[in-house]
Amino acid sequence: MKGNFAVQRNLWIDQDPVEKRATAIKRMSGRDVSMGVAVGPCRVIRKTEDLHTLREGDILVYRTGSPKIAAYLGRIAGLATEVGGHLTNLGNCARECSVPYVAGVSGLMGEVRDGELMRVDGSGGTVDLLN
């Protein structure tokens, strides 16, 4: 059993997408809320009325961990917010849906623009803008 796991793990590492190995232009730190790593275009949403514009595979960048986001967790690849944490409703939902989530990233909304390639590392609590 251990041998099979090691082989599967090595295959996963070898097949890792190039985007996950890309170098970071800028790294921001926050609190790791939900484990996992997601890479994709970021979507900066400033009003909850605009959440319907999210596309499959987007990484949502939002100011707070609003419970209204929970309805869109099946559509997004990852989530990063300026405010939020482990004990929030959104934090619990993100863990249940296995969506990587980093909260408490200071200045996030001012640092990123729509469409930039981003990596959210929910295990390490980092958000990287990629080249």
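The legends below describe close-up views of a predicted model.

**View 1. The whole protein chain and its order of elements.** The protein chain of this predicted model contains four helices and eight strands, and, read from the N terminus, these elements follow the order α-α-β-β-β-β-β-α-β-α-β-β. Of the 131 residues in the protein chain, 40% are buried, while the area that the chain exposes comes to about 7400 Å², with carbon and sulfur atoms supplying 52% of it. When contacts between residues at least 6 apart in sequence are considered, 50% of them join residues that are at least 24 apart.

**View 2. Ser34 and its surroundings in strand E2.** Ser34 belongs to strand E2, which covers residues 31-34, and with a relative accessible area of 2% this serine is buried. Leaving aside residues up to four places away in sequence, Ser34 touches Ala94, Arg95, Val99, Pro100, Tyr101, Gly122 and Ser123. Two of these neighbours are also reached through backbone oxygens: the side chain of Ser34 lies 2.8 Å from the backbone oxygen of Val99, and 3.3 Å from the backbone oxygen of Ala94.

**View 3. The buried side of helix H3.** Helix H3 spans residues 89-96, and within this helix Leu90, Gly91, Cys93 and Ala94 are buried. These buried residues lie on the same side of H3, because they cover an arc of only 165° around the axis. An α-helix has 3.6 residues a turn, so residues three or four places apart point the same way. The elements against which the buried residues of H3 pack are E2, strand E5 (78-81) and strand E6 (101-103). After H3 comes Ser98, a residue whose phi is positive, near 55°.

**View 4. Cys93 and Cys97, two cysteines without a bond.** Why is the sulfur of Cys93 not bonded to the closest cysteine sulfur, in Cys97? The sulfur of Cys93 and that of Cys97 are 6.4 Å apart, which is too far for a bond, because a disulfide needs the two sulfur atoms to be within 2.5 Å. Seen from the other partner, the closest cysteine sulfur to that of Cys97 is the one in Cys93, again at 6.4 Å, and by this rule the count of disulfides comes to zero. The surroundings of each cysteine can be described as well: Cys93 is buried, with a relative accessible area of 18%, whereas Cys97 counts as partly exposed, at 44% relative accessibility. Cys93 is also one of the buried residues of helix H3 shown in the previous view.

Definitions and conventions: Residues numbered from 1 in each chain as written. Predicted model: local features only at pLDDT ≥ 70, side-chain atom pairs only at ≥ 80, totals over all residues. Heavy atoms only, no water. Helix = DSSP H or I, 4+ residues; strand = E, 2+ residues; numbered from the N terminus. Buried < 20%, exposed > 50% of the residue type's maximum accessible area, 1.4 Å probe, protein only. Contact = heavy atoms within 4.5 Å. Areas by Shrake-Rupley, 256 points an atom, 1.4 Å probe, with all protein chains shown as cover. Polar contact = N/O pair within 3.5 Å; in protein donor to acceptor, adjacent residues only side chain to side chain. Arc of directions from axis to C-beta.
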